[in-house]
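Subject: Structure for you to look over

Hello,

Here is the structure I said I would pass on. My notes on it follow below.

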Amino acid sequence: MKICLVGPPLSGKTVLFAALTGMAPAEAAAHGAEPVAVVKVPDDRVDRLAEIYKPKKKIQATIEFSELAGVAAGDGRKTGFSEQFLGKLRTVDALLLVVRAFGDPAVPHPRESVDPVRDLRDAETEFLLSDLAVIEKRFDRLEKEIAAKKSDRDVRELAVLKTCRAHLEAERPLRLLEFKPDEELLIRGYRFLTQKPLIVAVNLDEEDIRREGEVLAPFAGWAEQANTAVIGLSARIEMELRELPNAELKAFLADYGITRPAREKLIAATYRLMGLLSFFTVGQDEVKAWTIRDGTKALAAAGEIHSDIERGFIRAEVVPFSEFIAAGSMAECRTRGTLRLEGKEYQVQDGDIINFRFAV
Ligand SMILES: Nc1nc2c(ncn2[C@@H]2O[C@H](COP(=O)(O)OP(=O)(O)OP(=O)(O)O)[C@@H](O)[C@H]2O)c(=O)[nH]1
Ligand SMILES: [Mg+2]
């Protein structure tokens, strides 16, 4: 899964990127305009399973973070994106928009005032206009194609695009629309920016961390939106706590009244917005977390591991993580009857420990 940090200049993207990935800001900057890093998803359950199995390898789920500079929102241009920038942004799965709420006279704001809501609105407008431009371009061609040779698929695509266009023209991002699966298929290829889950990171002043609720109040309209999350954090504090030994971390967080590092909040929000869940495979060789979309059936989950397992699928032996921990061993799960046999159609649940039986 790929998440891209975007936002106006000097909003703290690189500092936050460094805090999220553990890469020093200087190192990140040395990657040029587009640093990329793969981050392990913290999950206590994987740690517990690894303690029990003592495997040779412990493999956590990962998320790829990148940073793209280039959204200079609201400087009067209609769309501020270069084609190259857009092309890259369209390939990611979710957008992490960093807006600046910290003052700091040492870092002059590129615009005259600090106004994170304005910056969010402007960035959103840019995304909206870019999606509209994509639709306009396709619209004319589709209409011509339909006039020349009417195909059912084209007619349906045109209808969905019309809905999208009306929605965008009303200044509503596409992530607020719910598409039917067949509609989703028709427009998936466009990779609309406003259809991607949006996580807004409001980069607060260190002093404002304790009054986060107040500073975030104007964002309520976004926080309530579908497929959208708003998270208050201080990129600078997050950076500092990366460097702390574990023993000091708790006291440091308590000092600022922070319950959880923003990194964890961001990753949890991403999973939630993307509708992702984890299942586990366990053994002496390897304990591994797999990430799938909510609603995935056992057969497709098997395919995530290997196409042979999907092809030769016989059965899935499934036990929920909590039941396994309560029982203490697979043998005890069998005795208790909590280890179930499931077929291809079983819908995998978050925390399932699965052993796939297969033959090829
Ligand atoms: N006070 C304060 N300063 C910050 C914070 N986050 C970033 N800064 C400072 O703001 C400046 C810009 O930070 P960057 O992370 O480079 O911002 P950016 O969004 O990556 O900037 P561009 O890549 O140039 O668009 C740096 O001098 C940071 O030290 C913060 O949370 N608090
Ligand atoms: Mg940067």
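The domain bounds used here come from an automatic or database domain assignment. With those bounds, the centres of domain 1 and domain 2 are 33 Å apart, taken over C-alpha atoms. Please keep in mind that this is a predicted model.

The two domains

Domain 1 runs over residues 2-273, and domain 2 over residues 295-358. Contact between them involves five residues of domain 1 and seven residues of domain 2. About 560 Å² of area is buried between domain 1 and domain 2, and carbon and sulfur atoms give 72% of that area.

The chain as a whole

The chain has 360 residues, and 48% of them count as buried. Its secondary structure consists of 16 helices and twelve strands. The C-alpha trace spans about 70 × 65 × 35 Å along its principal axes. The chain exposes about 18,000 Å², with carbon and sulfur atoms supplying 50% of that area.

Among contacts in the chain with a separation of 6 or more, 69% are between residues 24 or more positions apart. As for charge, the chain carries 52 positive and 58 negative charges, and the mean positions of the two sets are 5 Å apart.

Strand E1

Leucine 5 is in strand E1, which covers residues 2-6. Is leucine 5 buried or exposed? Its relative accessibility is 0%, so leucine 5 counts as buried, the cut-off being under 20%. Leaving aside neighbours within four places in sequence, leucine 5 is in contact with Lys13, Leu16, Phe17, Leu20, Phe65, Ser66, Glu67, Leu68, Leu96 and Val98. Alanine 262 is 257 residues away from leucine 5 along the chain, and their C-alpha atoms are separated by 14 Å.

Helix H5

Helix H5 covers residues 116-148, and glutamate 124 has its place there. Threonine 125 is in helix H5 too. Glutamate 124 has a relative accessibility of 9% and therefore counts as buried. Threonine 125, with a relative accessible area of 39%, is partly exposed, because that value falls between the cut-offs of 20% and 50%.

Which residues does glutamate 124 touch, leaving aside its neighbours within four places in sequence? They are Pro173, Arg175, Leu198 and Trp222. One of these, leucine 198, is 74 residues from glutamate 124 in sequence, with 9.8 Å between the two C-alpha atoms. For threonine 125, leucine 168 is 43 residues away in sequence and 9.6 Å away in space, C-alpha to C-alpha.

Two loop residues with positive phi

Arginine 191 has a phi near 50°, a positive value in a residue other than glycine. This arginine is found in the loop between helix H7 (181-187) and strand E6 (198-203). At 41% relative accessibility, arginine 191 counts as partly exposed.

Asparagine 227 is not a glycine either, and its phi is positive at about 55°. The loop that holds asparagine 227 runs between helix H9 (220-223) and strand E7 (228-233). Asparagine 227 is partly exposed, its relative accessible area being 32%.

The loop between E11 and E12

Where does glycine 343 lie? Glycine 343 is in the loop between strand E11 (340-342) and strand E12 (352-358). A relative accessible area of 35% makes glycine 343 partly exposed. Apart from its neighbours within four places in sequence, glycine 343 is in contact with Ala298 and Phe313. Alanine 220 is 123 residues from glycine 343 along the chain, and the C-alpha atoms of the two are separated by 43 Å.

Where to start

If you open the model with these notes beside it, the pair in helix H5 can be viewed together: glutamate 124 counts as buried, whereas threonine 125 is partly exposed. After that, the two domains can be set side by side, with their centres 33 Å apart and about 560 Å² buried between them.

Regards

Note on methods:
Residues are numbered from 1 along each chain as its sequence is written. Chains are lettered from A and ligands numbered from 1 in the order in which they are written. This is a predicted model: local features need pLDDT of at least 70, side-chain atom pairs count only at pLDDT 80 or more; totals for chains, interfaces and linings use all residues. Side-chain values use heavy atoms; hydrogens and water are left out. Helices (H or I, at least four residues) and strands (E, at least two) are DSSP runs, numbered from the N terminus. Buried means under 20% relative accessible area, exposed over 50%, partly exposed in between (1.4 Å probe, protein chains only). Contact means heavy atoms within 4.5 Å. Accessible areas come from the Shrake-Rupley method with a 1.4 Å probe; for residues, only the protein chains shown count as cover. Lys and Arg count as positive and Asp and Glu as negative; His and the chain ends are not counted. The place of a charge is taken as NZ of Lys, CZ of Arg, CG of Asp or CD of Glu. Buried area is the accessible area (1.4 Å probe) that two parts lose on being put together, summed over both.
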